[in-house]
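I opened this entry to keep a record of what I looked up in the model, one topic at a time. The sequence and structure come first, and my notes follow.

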Amino acid sequence: MRFELMYDSFFKILKGVPLTLEVVFISTLLGFGLAIIVALMRISDNKLYSVPAYSFIYLIRGTPLLLQLYFVYYGISQFSFVRESFLWPILREPFWCGIITLTISTGAYSAEIIRGGIQSVSQGYIESGKALGLGRVSLFFRIVMPITIRQALPAYGNELILMVKASSLISIVTLMEITGIARTIISKTYAPVEIFLVAGSIYLFINFIITRLVKYAENRLSIPST
Amino acid sequence: MLEAISFGDAGWGDEMLMGAFWTVAVSISSILLGLVIGIIFAGFKLSSIKVLNLIAEFYTTVIRGVPELLVIYLLFFGGGSAVMYVAKIFGYFGYIELQPFVIGTLAVGAISGAYSTEVIRGAVNAIPRSQFETGSALGLKGFRLYQKIIFPQVARLALPGIGNVWQITLKDTALISVTGLVEIMRQSRIASGSTHEPFIFYTIAIILYLIITRVSNVAFDKAEIKYSRGFAKRKIS
């Protein structure tokens, strides 16, 4: 073990933490919005909504994230009409390609989690809401959504950890977050075990904090059992 | 455009299919390695020896909390020297270089193993205590008890979970393209680099993965039906 190297690289790798957190934060936020839309489409009785939503989820869950990233980063930019369009300043950036890919990915996975949550809301609550004269929109935001969030929170916590892990892939399109920096140091120093331990501990720490936060939110939202 | 994906020397059709073959091959060898690891570490987790519990807990926590890519880099850069270190103990001092396929299997197998551990542990826990007691009452001890009574039931209970692990494993193999194994991902990179048609080749790659997913879904459904013979379908609600 080269402890001095581990000590030095700890501070180098730490510099990648803000980028990891930034990417995870932005794409989780956008992905959550996407997931709600996809989940609502998925449970709709209208095939015009449910079939595209189902296909989208199937497509994303059936293919590796790395392939989705390559598709967005290399595949779409092949066409000159994309390169000439107003979207090009965004699609040209590895950062935004990473955000787009992770947003789409977490959108599909979380849609399934949210769908499970929505379907667990018992009919009685919805009927009570209607009896109180709530419209469709306020029924959704005031009755269905709060119960869904409580139900789906444990599974969503898992998804958050998967997002932190998935964000490491953006290092492949040249972004220097935790894994990107770790890889650079490994190929310079040839100390894979030491660097793995350092970078791995940082990830474990981030995921530990997320687990605690989700647990805290779960406790806050749970119905007191007295 | 069609020429690019034709078979033979001019096109990349046969190369892409070969890539699909390697994806499936490395996925199968990884999940098998993962199952072996899973059985051993599930045993550790269920054991009454504290040290074994700790080792298994450490392994599953680290693997499930750290990005797959980092595990792959660890084995890609460190796997060769680790094997040479072990070989030295046995008196072999030559240089050993690991094949990308072996590194890929070790890395993805180690990841897959952590998920399999949890699935198998859950399945063993789901078997009623009375089954163990009945076994011992019949005079079966230790391994025989597991072989005759517990494992056949674990197989049935673990199958849906193993199906999920298979999907994860299959997708994780895309990451070992960074080690140089020419599976679907790497092949489509090479092909799109040489033809400047990334859109087509990544689309083909997506289709290939979806086909493999679909076929394996059907296979796992069939296996589940086979192993659930004689069990009434449990009704929810």
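Before reading any burial value I noted the cut-offs: a residue counts as buried under 20% relative accessible area, as exposed over 50%, and as partly exposed in between. The model is a predicted one, and I kept that in mind throughout.

**Entry 1, an aromatic pair within chain B.** With those cut-offs in hand I looked up Phe44(B), which at 22% relative accessibility counts as partly exposed, whereas Phe41(B), at 17%, counts as buried. Both residues lie in helix 1 of chain B, which spans residues 13–46, and they are three residues apart, about one turn of the helix. Their rings form a tilted aromatic pair, with 5.2 Å from centre to centre and 55° between the planes.

**Entry 2, aromatic pairs between chains.** I then asked how many aromatic pairs there are over all chains, and the count comes to 22. One of the pairs that I followed up joins Phe79(A) and Phe199(B), and I recorded it as edge-to-face, at 4.8 Å centre to centre with 70° between the planes. This pair crosses between chains, since Phe79(A) sits in the loop between helix 4 (65–75) and helix 5 (80–84) of chain A, while Phe199(B) belongs to helix 8 (residues 198–227) of chain B. Phe79(A) is partly exposed at a relative accessible area of 26%, and Phe199(B) is partly exposed as well, at 28%. I also noted a cluster in which ring pairs link Tyr70(A), Tyr73(A) and Tyr74(A) with Tyr202(B).

**Entry 3, a helix contact in chain A.** Next I looked up how helix 8 (residues 123–131) and helix 9 (residues 136–166) of chain A are arranged, and found that their axes come within 10 Å and cross at roughly 160°. Angles over 145 degrees count as roughly antiparallel, and helix 8 of chain A and helix 9 of chain A are therefore roughly antiparallel to each other. The crossing of these two helices of chain A is right-handed. On the side of helix 8 of chain A the contact is made by Tyr125(A), Ile126(A), Gly129(A) and Lys130(A), and on the side of helix 9 of chain A by Leu139(A), Ile143(A), Val144(A) and Ile147(A). Sorted by class, the contact has six nonpolar residues, one polar and one charged.

**Entry 4, chain B as a whole.** For chain B I recorded eight helices and zero strands. Its C-alpha atoms fill a box of roughly 70 × 55 × 30 Å along the principal axes, and buried residues make up 46% of its 237 residues. Of the contacts in chain B with a separation of 6 or more, 72% are between residues 24 or more positions apart. I also checked Ile89(B), which is found in helix 3 (residues 68–89) of chain B and counts as exposed at 61% relative accessibility. The C-alpha atoms of Ile89(B) and Val24(B) are separated by 34 Å, and these residues are 65 apart along the chain.

**Entry 5, positive phi values.** Most residues other than glycine have a negative phi. Which phi did I note for Thr174(A)? Thr174(A) has a positive phi of about 70° although it is not a glycine; this residue is found in the loop between helix 9 and helix 10 (178–189) of chain A and is exposed, with a relative accessible area of 55%. His196(B) likewise has a positive phi, near 55°, and is found in the loop between helix 7 (184–195) and helix 8 of chain B. At 62% relative accessibility, His196(B) counts as exposed.

How values were computed:
Residues numbered from 1 in each chain as written. Chains lettered and ligands numbered in written order. Predicted model: local features only at pLDDT ≥ 70, side-chain atom pairs only at ≥ 80, totals over all residues. Heavy atoms only, no water. Axes fitted to C-alpha atoms, helices over the stretch in contact; angles between N-to-C directions. Parallel < 35°, antiparallel > 145°, perpendicular 65-115°, else oblique. Left-handed = near helix turned anticlockwise from the far one by under 90°. Contact = heavy atoms within 4.5 Å. Nonpolar A, V, L, I, M, F, W, Y, C, P; charged D, E, K, R; others polar. Phe/Tyr/Trp six-rings, centres within 6.5 Å; stacked < 30°, edge-to-face > 60°. Buried < 20%, exposed > 50% of the residue type's maximum accessible area, 1.4 Å probe, protein only.
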